[in-house]
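Good morning, everyone, and thank you for making time for this. Please take a moment with the sequence and the structure before I begin.

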Amino acid sequence: QPIPSNSRILHLQDMGDINLALDELLGLRGPLSVLIRNVCWLLAFNTTYLGLFAFIPMNVGVSMHSLVLNRTFFADWMYNATATSEDEECLFPKLVGAMNAESERLNTTLRLPDLATITFGYLSLALMVVIIQLGVSFYSKYHKSFLEQARVETNGRAGARGQRDHQQDGPPRHRDADQPQPIRVNNNQAPGVDEREVEDMIGGLGDQLNVALDCIKALTKVGFLLFHKMLLLPLVLGIWLDHVTLELLGSSLLDRSTYAGSDIFSSALLHWVAGITFMLFVTVSVLQLREVAHPEILARVIRPQEPQPDLLSNLLHESLTTHAKRMLMSFVIYSVLLSLYVALPARILVASGLGQYMPFTRPHFYHMLMPQLQIPLELLVFHLTMLALLEKYKNRIGEMQHHWLVFICTQTGLAEYFLPRYVEKFELIGSHCIFLRNLNVDSDSECDVENECDENDELAARRKKKALTLEIGRVDPFWYELVSKKDNLDEFFSINLDPLDKPVTYKVGFTRQNGERIPCNMQEVLVLPPNWTQQENPVRGDEPTDSHVVTFLPTAIGPYRFARRLSGENAMVVDIYKEIPGDLVPRPPEGWDDLGIGGAEIQGRWAWGKEKKSTIETGIAARNRVFDRNKSWSYSFGIILKGVMLVVVSWAIVSIATCLALAFPLMVGRTMYSLLRIPDQYVHDPFAFAIGICLWKPAFSFISALWSGDQSFLVRVFQWASSFVFPPIRKGFVVVMALVLWVLATPLALGLFYDLLLLKGHSFFSGHDIAIDGTEILTSWATGTMLLNSWALMCYCGVFARDFWLDVGAAALDAEVHAREHDDGQAPDRDDGGSGVDLPDLTWQGQDGKIGRFVATLTSAIFKWEWDYVDHQVLLTDSSKKVARHVITSLVAPSVAFLAWLFALRLVNQHNANVVVPFIGEVDNALYRAIVFRTFAVVTLLAQFAAANRAAMRRWFQAAHKAARDGRYLEGEILLNYDTDNEDH
């Protein structure tokens with residue numbers, strides 16, 4: 001190979017240095033003193049961390065508590081504040097006492113008084129920082145003024161003293177040049193010290209102290225806000241959630257206090273995770289509902305999610321009042337939704353007695369590890385999983401909200417009130433002139449006035465002509481009233497517009513570049529000229545009045561559009577159009593939650609504040625008003641009643657869906673536990689719920705595919721049955737054999753093998769209870785069906801392949817390597833899932849693997865009657881026969897070996913005697929037989945695994961040998977091949 005470049009050599013050196021440093025850090029390489037030094041540094045850092053963030057605040061809290069608070073007075077006040085009556089014992093001290101008693105009984109490290117003291121210490125430190133900062137600010141602000149006032153007073157006293165001396169000594173006498181000047185000494189100031197230097201020094205120290213205090217104040221503010229937003233608020237909501245569901249879950253406050261006393265960290269973490277999960281669900285749901293509903297309903301009230309490139313800067317620059325208002329609004333929203341969707345359904349379930357039928361009301365927990373370790377790990381996994389699921393499927397929540405609102409609003413006739421709709425066309429509702437009198441008819445009007453009036457009525461004619469002249473060029477007050485109108489435009493137009501004397505005119509119109517829909521080519525505003533005539537023409541320098549100001553009328557106000565034109569008599573006329581809503585706008589827009597691509601204009605979400613609107617928002621139709629003066633009060637009351645019914649029905653649907661979403665996966669998981677015949681004391685509901693979720697998603701997708709479509713489910717079933725076509729004999733035989741092997745033979749053998757390997761007791765192997773009835777066979781078949789199809793589902797999803805874990809983020813460190821392999825055209829390594837690989841490019845994993853092809857072929861044959869796709873290789877050779885052979889071999893081989901062993905023991909008359917095992921002693925014969933059979937079974941499984949993965953095991957041994965060789969001889973070295981002539985070496 002050619003000599004590598006210098007950059008490549010440096011890269012290899014860096015990698016070798018990293019490996020050596022890591023080995024030395026872990027103690028795998030180097031002297032023992034290096035490991036001891038690193039451990040000491042680790043302990044020192046941990047001790048410093050605990051001292052800064054735990055012990056110092058705790059000591060401060062203890063000191064401040066002993067100095068400021070009277071423990072007896074405080075305890076009495078708390079008792080009196082929380083007691084409900086004189087005869088009833090106070091609940092809060094009782095709960096705290098139970099918590100502390102449990103902590104003392106178990107001698108836990110962290111207790112409630114410790115947390116309270118640490119919190120009080122942090123508050124005391126924050127209060128001291130604020131007080132010191134205020135004091136320094138006050139001193140810095142008034143220090144100069146005090147000095148200036150003192151200087152003025154000193155100069156005044158000095159001037160008065162000099163005047164008195166001048167009056168006493170008389171006029172100044174001339175001194176000789178060699179006579180020394182008298183020196184005045186200030187007794188209040190040390191010699192050699194300048195007053196200005198002292199002031200500058202004090203001011204500089206004050207400025208430095210202000211800067212340091214500002215930094216500490218900023219840290220205190222950020223910590224205070226983060227504590228309340230990210231810790232206290234979720235914790236309060238989690239405790240509230242627990243409190244409102246106590247009766248539903250069959251628990252009590254005393255039980256919760258006792259558990260908190262036994263493990264206060266896990267209890268606090270549990271409530272925090274519950275609260276933060278509820279906050280995430282509510283936030284995502286409310287933000288999605290904001291984008292689904294019409295922008296005039298929620299878009300002006302709920303603030304959208306915005307990118308936070310500098311979160312700390314925003315926390316520092318915004319005032320505490322702003323943060324307090326936002327937190328208060330958020331807490332009100334969370335409280336209302338928690339009361340409606342958690343507390344109220346829980347009370348209804350308890351009152352109706354339906355709660356006892358819900359599986360989640362009686363949870364089961366089994367801790368394989370220490371509860372103090374297992375519970376935080378499970379909560380961490382749950383929290384990260386919820387974050388990933390909400391990030392991936394949050395738009396699905398919006399889509400479900402959109403479909404539900406479209407359905408219920410269409411049925412109740414509320415779509416035009418609550419949902420955004422496109423503008424289909426425009427209806428001409430009338431026209432109106434801009435001026436009271438038009439200029440082209442001025443002379444004719446004057447002549448008509450003169451002809452109509454005789455000489456006797458000359459005075460009346462002159463007055464009428466003057467009034468007519470005043471009206472010429474004057475804007476109709478109709479337009480000024482329209483400009484000042486804020487709402488009730490329908491009533492205004494119905495009163496002031498004359499009905500059309502021609503058929504109703506519609507215009508489709510077109511769309512502007514900004515998305516706005518207009519009926520014709522029109523300007524954005526109409527300019528109404530000043531309201532003066534020739535007689536009222538203002539003179540230069542006069543102050544303008546309201547009648548002399550130009551008025552601008554928008555050409556789009558709500559659902560109305562105004563288009564100016566010239567009539568046949570050259571009169572300025574404005575046509576008034578009203579938009580006709582069309583189809584519903586599909587919401588939410590795709591990718592609207594991508595905070596990195598821009599604001600509302602680019603994302604397509606509803607604008608907030610002064611943001612520029614998107615083309616979608618600009619082009620939607622205005623919604624109908626619930627309270628319309630043109631319609632009767634009974635109509636508005638009917639709309640309100642429909643809205644209340646929509647809210648109630650939506651609440652019921654969401655509550656029922658939430659109960660089903662909690663109950664169904666848990667039922668599925670517990671069913672799997674029961675099929676596996678696991679005792680109840682080993683059932684762990686979080687794991688059962690996770691299993692149910694994994695199985696619920698494909699089942700839900702399958703059901704959705706069955707029910708989706710233009711035709712009903714029953715019609716499609718009838719069409720499927722009527723389109724049946726008899727297959728060729730050989731094709732039909734292949735399908736039947738595949739179904740028999742997959743549905744009957746393999747599950748039964750797998751279930752029986754599972755029973756013999758894990759469940760059968762000593763009585764069965766002793767020969768006293770060897771009968772197998774029909775119920776046991778059916779149960780074994782159900783267990784085998786569950787295990788077989790679970791394995792097939794995992795293979796179909798590619799769970800055993802590396803790509804699956806790269807996609808879910810479990811191997812984030814290998815993401816760049818994975819992408820680089822695909823860029824180089826090299827396929828990543830895949831795992832067989834424990835089965836043989838006949839073709840190099842065909843594995844068991846993924847939709848293109850053996851299981852995926854088996855499912856696709858069987859689905860096409862059964863659901864579509866496409867018999868041409870039936871392939872013996874796909875349905876039998878590569879899938880069902882191979883799996884059946886492995887399972888039946890795993891059952892038959894150890895059974896035959898075990899029977900042969902029993903026959904050999906019978907030949908030597910040792911089949912009923914107990915067995916003596918070295919170092920153990922005498923072992924019961926039934927137990928010994930069970931151990932022998934399970935040993936045969938394990939050996940059979942290992943042999944099949946090794947035979948099916950010969951190539952993979954060979955590659956693994958070669959890689960292990962190469963790694964061991966490189967670690968022994970080549971690691972940390974640079975190998976250069978200078979033989980460029982012979983590329984084979």
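I will go from the whole chain to a pair of helices, then to some strands, and finally to a few backbone details.

Let me say at the outset that what you see is a predicted model. The chain contains 30 helices and eleven strands, and of its 985 residues, 30% are buried. If we take the contacts between residues at least 6 apart in sequence, 72% of them join residues that are at least 24 apart. The exposed area of the chain comes to about 64000 Å², with carbon and sulfur atoms supplying 63% of it.

Now to the helices, where I would like to begin with α11, which covers residues 371-412. How far would a straight helix of 42 residues span, and how far does α11 span? At 1.5 Å a residue the straight helix would span 62 Å, whereas the end C-alpha atoms of α11 are only 52 Å apart. When we look along α11, we find a kink of about 55°, centred on Y393. After α11 comes G413, which has a positive phi, near 75°.

Helix α29, residues 925-948, can be put through the same exercise: its 24 residues should span 34 Å at 1.5 Å a residue, and its end C-alpha atoms are 35 Å apart, which agrees. The buried residues of α29 include A926, R929, A930, V932 and F933, as well as A937, T940 and Q944. As a reminder, an α-helix has 3.6 residues a turn, so residues three or four places apart point the same way.

Let me turn to the strands, and in particular to β9, residues 572-584, which runs antiparallel to β1, residues 421-433, and is joined to β1 by ten bridges. In that pairing, R421 stands opposite L584 of β9. Strand β8, residues 560-566, also runs antiparallel to β9, with seven bridges between them, and here R565 stands opposite V573 of β9.

Finally, some backbone details, for which it helps to recall that most residues other than glycine have a negative phi, and most peptide bonds are trans. The peptide bond from R587 to P588 is cis, with omega near -10°, and P588 sits in the loop between β9 and α17. N107, in the loop between α4 and α5, has a positive phi near 55°, and N107 counts as exposed because its relative accessibility is 59%, over the 50% cut-off. R677, in the loop between α19 and α20, also has a positive phi, of about 60°, but at 29% relative accessibility R677 counts as partly exposed.

Methods:
Residues numbered from 1 in each chain as written. Predicted model: local features only at pLDDT ≥ 70, side-chain atom pairs only at ≥ 80, totals over all residues. Heavy atoms only, no water. Pairing = 2+ DSSP bridges. Helix = DSSP H or I, 4+ residues; strand = E, 2+ residues; numbered from the N terminus. Expected span 1.5 Å × (residues − 1). Buried < 20%, exposed > 50% of the residue type's maximum accessible area, 1.4 Å probe, protein only. Bend = angle between axes of the 7 residues up to and from the residue. Contact = heavy atoms within 4.5 Å. Areas by Shrake-Rupley, 256 points an atom, 1.4 Å probe, with all protein chains shown as cover.
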